[in-house]
Amino acid sequence: MVRHAYEDAELLDLVRRYVTPDRRYLKLSGSLLRLEGGEYDRFARDLAEDAELITTHELSILLEGGWRERRTAAWLIAISRRTEFRERLGELLLASEVCCAGLAYCVALATFGTPDDADLLTAYLDRYLQRPDLDYDQAVALGALLYIDLNIGAHQAGRFLAPEGLWDQWLQGRSGGQCAEGTATYLSLIRRLCAFAEECAELHPRG
């Protein structure tokens, strides 16, 4: 069940502190890569500070909220490398209960970058590449899996990308036969977003 800030004082306080300042939640997507100069620096610095300040309990509460709260929490988790949320992020990704948060989950798992994270992305792809009627986060999940594969020398994405494999089947089955962009596009997006998360982490390293 999704908690709603308008009827939950505890959640509302966290939203006002971490989610809505300067409309942060809207920028925590590919659009942050278009920030420039002082705006980019300020955004990264403020995000890094909050990633250090927010508590585990507060992150757990945000992950019970709507897409804005969950997206923001996942980014704060990625920057602070709180791997204790790995399984929770995997559950949220697989459930796909709300829109607009999947990319953030994928970035967090990619920043953790272990075989366990790859397994969670693989579970998502096994389920949702068989659903061409659902245009969810299949492409960015594959990009995140490719990113982890390259970093740890694994090959979990290979079976999805085999000729007539699940990726091809998903593309062919989409409404109107629409084609997604090449997988290199999604890998590049994940790589750039993970680099941003790493940059923020270096501003305020935990510990």
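**Exercise 1. Find out how many of the residues of helix 7 (residues 102-112) are buried, and what that says about the helix.**

Step 1. Count the buried residues: 11 of the 11 residues of helix 7 are buried, so this helix is largely enclosed by the rest of the structure. Keep in mind as you work that the model is predicted.

Step 2. Name some of them. The buried residues include Gly102, Leu103, Tyr105, Cys106, Leu109 and Phe112.

Step 3. Look for the partners. The buried residues of helix 7 pack against helix 5 (67-80), helix 6 (86-95), helix 8, helix 9 and helix 12.

Step 4. Check what follows the helix. Gly113, just after helix 7, takes a positive phi of about 65°.

**Exercise 2. Decide whether Asp117 is buried or exposed, and list what it touches.**

Step 1. Place the residue: Asp117 sits in helix 8 (residues 115-128).

Step 2. Apply the cut-off. Buried means under 20% relative accessible area, and Asp117 has 0% relative accessibility, so it counts as buried.

Step 3. Find its polar partner. The side chains of Asp117 and Arg86 are joined by a polar contact of 2.6 Å.

Step 4. Complete the surroundings. Leaving out residues up to four places away in sequence, Asp117 touches Arg86, Leu109, Phe112 and Ile148. Leu109 and Phe112 are among the buried residues of helix 7 from the previous exercise.

**Exercise 3. Work out which members of the largest nonpolar core touch the most other members.**

Step 1. Start with the whole set: the largest nonpolar core has 75 residues.

Step 2. Pick out the best-connected ones. Trp75, Leu89, Leu121 and Phe196 touch the most other members.

Step 3. Follow Trp75 outward. Not counting residues up to four places away in sequence, Trp75 touches Leu28, Leu32, Ala104, Val107, Leu193, Phe196 and Ala197. Ala104 and Val107 in that list are buried residues of helix 7.

**Exercise 4. Describe the largest pocket: its space, its lining and the helices that supply the lining.**

Step 1. Take the volume: about 160 Å³ of space lies in the largest pocket.

Step 2. Go round the lining, which includes Leu103, Asp135, Tyr136, Gln138, Glu181 and Tyr186.

Step 3. Sort the lining residues by type: 6 are nonpolar, 2 polar and 3 charged.

Step 4. Trace them to helices. Helix 9 (138-152) and helix 12 (183-203) each supply at least two residues of this lining.

**Exercise 5. Explore the surroundings of Gln138, one of the residues lining the largest pocket.**

Step 1. Locate Gln138 in helix 9. At 0% relative accessibility, it counts as buried.

Step 2. List its contacts. Apart from neighbours within four places in sequence, Gln138 is in contact with Tyr124, Leu125, Tyr128, Leu129, Arg131, Trp167 and Trp170.

Step 3. Compare chain and space for one pair. Gln138 and Tyr124 are 14 residues apart along the chain, and their C-alpha atoms are separated by 7.9 Å.

Step 4. Add a polar detail: a polar atom of the Gln138 side chain lies 2.8 Å from the backbone nitrogen of Tyr136.

**Exercise 6. Say where Asp22 and Arg23 are found, and what is noteworthy about their phi angles.**

Step 1. Recall the general pattern: most residues other than glycine have a negative phi.

Step 2. Read the angles. Asp22 has a positive phi of about 55°, and Arg23 has a positive phi of about 50°, although neither is a glycine.

Step 3. Place them. Asp22 lies in the loop between helix 1 (9-19) and helix 2 (24-27), as does Arg23.

Step 4. Check exposure. Exposed means over 50%; with a relative accessible area of 59%, Asp22 is exposed, and Arg23, at 53%, counts as exposed too.

Technical notes:
Residues numbered from 1 in each chain as written. Predicted model: local features only at pLDDT ≥ 70, side-chain atom pairs only at ≥ 80, totals over all residues. Heavy atoms only, no water. Core = buried A, V, L, I, M, F, W, Y, C linked by side-chain atoms within 4.5 Å. Buried < 20%, exposed > 50% of the residue type's maximum accessible area, 1.4 Å probe, protein only. Contact = heavy atoms within 4.5 Å. 1 Å grid on protein atoms, 1.4 Å probe; cavity = no way out; pocket = protein on both sides within 12 Å on 5 of 7 lines; lining within 4 Å. Points joined across faces, edges and corners; volume = space filled by probe spheres on them. Helix = DSSP H or I, 4+ residues; strand = E, 2+ residues; numbered from the N terminus. Nonpolar A, V, L, I, M, F, W, Y, C, P; charged D, E, K, R; others polar. Polar contact = N/O pair within 3.5 Å; in protein donor to acceptor, adjacent residues only side chain to side chain.
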